[in-house]
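Biologist: I should like to learn how the features of a protein model are read. May we go through them one at a time?

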Amino acid sequence: MFSGASNFTDNVDRTFMFTFYVSMFFLVGVTIVMLYFVYKYHKKRRPKSEHIEGNVLLEVIWTVIPVILVGFMFVFGWTNWKRMKSPPKNAFLIKSTARMWSWSFEYPNGKVTDTLYVPQHKPVKVDVTSADVIHSMYIPAFRLKQDMVLGSTNFVWFVAEKTGIYNLFCAEYCGLRHSYMTTAVVVMPDKEFNSWYNDTSQVKAAPGKDKAASPGQQLVLKNGCIACHSIDGSQIVGPSFKGIYGEKTTVTANGKEQQVTVDDAYILESLMEPNAKVVKGFQSGLMQPYKGTISNEQAKQIADYIKSLK
């Protein structure tokens, strides 16, 4: 499936199929021999047990052959692993941050998206880290998977050989909406990618949607806010953004309930200290503080976007 999608796909597939066929051969072979022995040496046919001294040649054969086969598996696996851990120096660098439950990709020119856009036929290195719990970047078509850990930066690299849109998943259970933590890798011809990369006026929410977003909407998309807060009134794991600006809501602060008005000041506080006042009916501790990640001005832009949803 997706043969040749990346520079690793075919080699990984060959290694997997070699291991699979060898395993199946021995599974079937051992099962047949076992059933044969069960039949041949059943007590009805061999009521009297026999003492067998053994066969040195047979023992050598069934020891040496598996060792050789396992040695081949090791060499294939080691070779692929070494290639995956040896990115070329000229690789195009992208920084990826995973958080509950969204992806963020930052490019050298400062452009940030929630979808991974890459050029065709060029090496790409993606530095990966987490903003909260352990996540795992998994691109099945490219045969790549890498854990993303808070406080640690790992990487994956690849050369996308075919244009198209490929699924990107989180492969490490990371909480309530883990199964929703999906996005895409969009592989573009080099010329098309350069045009997209140099146009910093747009942030795409998803492949094929080129509508320019307001600064506040760009920040909401960039930081993955819509993974927890809907914009259509539906309830996810956090309150919906639709129609909340200027309204009063009940929150829990220091174990006590109180009424607050959703305004710029409240939104700023909710971004910087999300667990200080938790909206009634929602769980605390799920949202990580954005202090140091966004400025007060950016918080105001997000507030303006939420206000526009009224």
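Modeller: Let us begin with strands: two strands pair if DSSP finds at least two bridges between them. Helices (H or I, at least four residues) and strands (E, at least two) are DSSP runs, numbered from the N terminus. In β12, V260 is the bridge partner of T249. This is a predicted model, in which local features need pLDDT of at least 70 and side-chain atom pairs count only at pLDDT 80 or more, while totals for chains, interfaces and linings use all residues. Residues are numbered from 1 along each chain as its sequence is written, and side-chain values use heavy atoms, with hydrogens and water left out.

Biologist: How many bridges join β11 to β12, and in what order do the strands of the open sheet lie?

Modeller: Six bridges link β11 (residues 248–253) to β12, and the two run antiparallel. The open sheet has three strands in the order β12-β11-β13, with antiparallel pairing. Because β12 (256–261) and β13 (278–279) each have a single partner strand, they stand at the edges, and one side of each is left without a neighbour in the sheet.

Biologist: How should a helix be read, and which residues of α3 are buried?

Modeller: An α-helix has 3.6 residues a turn, so residues three or four places apart point the same way. Buried means under 20% relative accessible area, exposed over 50%, and partly exposed in between (1.4 Å probe, protein chains only). In α3 (residues 190–198), the buried residues are F193, W196 and Y197. They cover an arc of only 100° around the axis, which puts them on the same side of α3; the arc is that of the directions from the helix axis to the C-beta atoms. On the other side of α3, K191, S195 and N198 are exposed. The buried residues of α3 pack against β1 (92–99), β3 (112–113), β4 (116–119) and β10 (182–188).

Biologist: Is A299 buried or exposed, and which residues does A299 contact beyond its neighbours within four places in sequence?

Modeller: Contact means heavy atoms within 4.5 Å. A299, which lies in helix α6, is buried, with a relative accessible area of 3%. Leaving aside neighbours within four places in sequence, A299 is in contact with I267, L268 and L271. The C-alpha atoms of A299 and A253 are separated by 21 Å, and the two residues are 46 residues apart along the chain.
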